[in-house]
Amino acid sequence: MTPVRQSPTLASRLRPSDVLRVGASGPRARKMRTALSALGVSIGIAAMVGVLGLSESSKSALLDEISALGTNLLTVESGVGIGGGDGSFPEEALAAINRIEAVEIASAIYDVDASVLKNEFVPNGQTRGLGVVAASQSLLDTLNGSIDEGSWLNNATSTYPAVVLGSVAAERLGISTLTQPTYVYIGEQYVEVVGTLEEFPLSADLDRSAIMGQPAAEEFFESDPAPATIFARVENGTIDANRALIPATADPENPEEITVSRPSDALEAQAAADDALTTLFLGLGAVALLVGGIGIANVMVIAVIERRGEIGLRRALGATRAHIRRQFLTEAVILSALGGAVGVALGIGATYLYSSLQGWRVIIPSTAAAGGFLAALFIGAAAGLYPAMRAARLAPTEALRA
Amino acid sequence: MSRAAALEMRNVVKEYPGFPPVRALDDVSVRIDHGELIAVVGPSGSGKSTLLNVMGTLDRPTSGVVSIDGNDTATLSDKQVAGVRARRIGFVFQQFFLLDGMSAIDNVANGLIYQGVGLNERRERSAETLKRVGLGHRLTHPPSHMSGGERQRVAVARALVHEPAFVLADEPTGNLDSKSTGAVMDLIAGLHEEGTTIAVITHDTKIAASLPRQVTVFDGRIESDTALQSSYT
């Protein structure tokens, strides 16, 4: 006797693994339709993951730049104001700023009225956008710059006709190595290149310059002894105080002509602007995702109408209403999970590709990837709910009347 | 043998609501014992389909008793009735209702899925059953690549795989040519000889006449039942 098996109250039962199998049977049998309906969701998810990944990667590039630059760097410039001054610093401005206690290090650059050419045969006008500046020796330290090859100006080289080239200047002048003595033509004479620099953080002007020592510039090129721009690195926490203090220190006669700016502010503003853009694109991604979800709901409603026969058959084979509901719900979630997985992969791929091309550090926000996938699952479940309930409500006798 | 009937209907009435209500089954009583092969015959509109639905527990009667293997289905919940279908009734339909996306063996295995039988056992039993209906060589073929006769044999295998108390075949040859019809009816006769209980619902009097017992339905009533006649005479 096997009384348990004979019991009439043994309800029908569908194993969880079979719920999955039954739910997958529909999408598996209609591959084209499955791909198309998953596509909508995958576009939405890819957009969201890609936008988050790209914004994280670009922000990390910005933050790298900010930290390379340091947030305690101030740029001091003199402009022609209403005060009637001549728009330039007094000669002793740099020394005065250096005397401020909170200033850790300060340096200046000076305009030099000459152009830098590859050799004497290049016509004088073809400067290729390059310029010549003079600098105090402390400039490199003040700006956190670094040497690519050769050396920075020292006590000797800053008093003789010698230059250090910014990264862009070296490239445009065709100088890739300094293993041989190398010269460029400045003004009316050849000047030795003693070093080349890496890119400066946020000082593109200097990247495009040939930089010589201030004493040499004054002696050989009759440069203006008054600074053009002064860079000052101040103690952290004293930035606002120094911003107020510096103008009067630099030019006691016309302090209103002096402007003090903080280069890292620009980068932070850029980061903030990027955030706003990210939010916008994220919204667009969400709309795409919603449209994808509606697409799935649509396909599922059609599937329920088309597959009445299957629903009736399954009821005849012993499926309960709950089993039918679960089958179609699972099917919708499988479609959206497929779309979600493809979308996450696409988003990560796009982030990787674009960040690599931009030279950014690739940052894949794992929360965005996981969140995107979960959002897809949620959308699928929501989209499948109504079609699944319709399928479950269908009476077996009605469903079998094909 | 004191075993209960495979199917017993007593004074079954099925009314569809309306003004006036439509009485599709009117006081129907019929008993099918284990091992019987019967034909339920009648013209379209006679209540045949309703009878099939009520016999198969796909629809509940308005009044009367339907008991399967001695179990009254009126007292069971929908979920339990679904369990009864999963375990004790096998359906064969005129339109086959095979799923095109899966192989013959998986189609047959669907007959076991709502009993909670594991995948391996489902496939094993399905392969055996397909061999029993003469399709041992087409286990992995999709039904869409099969002839009508072969498809109906797959459907018969699906109705048999869970060893039901009885098989309900609704116009099983309705979509088949005469050659396939002969093959399917031979298969049904063979299964009957092996002891399977089968009710064939048909409007084809020739097919009905070839079966051992005929129940004729007309206007929602049992007009004649050869089993009862023989017991009276």
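A cavity here is a set of grid points where a 1.4 Å probe fits but cannot get out, and its lining residues are those with an atom within 4 Å of a point. With that in hand, the interior of this predicted model can be explored. Rolling a probe the size of a water molecule over the atoms shows where empty space is left. Searching the whole structure this way turns up two cavities of 30 Å³ or more.

The largest cavity has a volume of about 90 Å³. Its lining is made up of G26(A), P27(A), R30(A), R33(A), T34(A), S37(A), V299(A), M300(A), A303(A), R307(A), E331(A) and L335(A). Four helices of chain A, namely helix 2, helix 3 (31-69), helix 10 (263-306) and helix 12 (321-358), each bring at least two residues to this wall. The mix is a varied one: five of the lining residues are nonpolar, three are polar and four are charged.

Over in chain B sits the second largest cavity, lined by V92(B), V156(B), L160(B), V167(B), A169(B), I188(B), L191(B) and I198(B). Two or more residues of that lining come from each of helix 5, strand 7 (166-170) and helix 6 (178-193) of chain B. The volume comes to about 40 Å³. As for the character of the wall, all eight residues are nonpolar, with no polar and no charged ones.

Chain B also holds some ring packing worth a look. A pair of aromatic rings is described by the distance of the centres and the angle of the planes. Over all chains, the count comes to four aromatic pairs. One of them joins F91(B) and F93(B), which are stacked at 5.7 Å centre to centre with 0° between the planes. F91(B) counts as buried because its relative accessibility is 4%, under the 20% cut-off. F93(B), at 3%, is buried too. F93(B) also pairs with F97(B), this time edge-to-face, with 5.3 Å centre to centre and 80° between the planes. Like F93(B), F97(B) is buried. The ring pairs thus tie F91(B), F93(B) and F97(B) into a cluster.

Finally, there is helix 3 of chain B, spanning residues 104-113, which is mostly covered, with nine of its ten residues buried. Those buried residues are A104(B), I105(B), N107(B), V108(B), A109(B), N110(B), G111(B), L112(B) and I113(B). What do the buried residues of helix 3 of chain B pack against? In chain A, the partners are helix 2 (16-29) and helix 11 (308-316), while in chain B they are helix 2 (78-88), helix 4 (119-132) and helix 5 (148-160).

Key: Residues numbered from 1 in each chain as written. Chains lettered and ligands numbered in written order. Predicted model: local features only at pLDDT ≥ 70, side-chain atom pairs only at ≥ 80, totals over all residues. Heavy atoms only, no water. Buried < 20%, exposed > 50% of the residue type's maximum accessible area, 1.4 Å probe, protein only. Contact = heavy atoms within 4.5 Å. 1 Å grid on protein atoms, 1.4 Å probe; cavity = no way out; pocket = protein on both sides within 12 Å on 5 of 7 lines; lining within 4 Å. Points joined across faces, edges and corners; volume = space filled by probe spheres on them. Nonpolar A, V, L, I, M, F, W, Y, C, P; charged D, E, K, R; others polar. Phe/Tyr/Trp six-rings, centres within 6.5 Å; stacked < 30°, edge-to-face > 60°.
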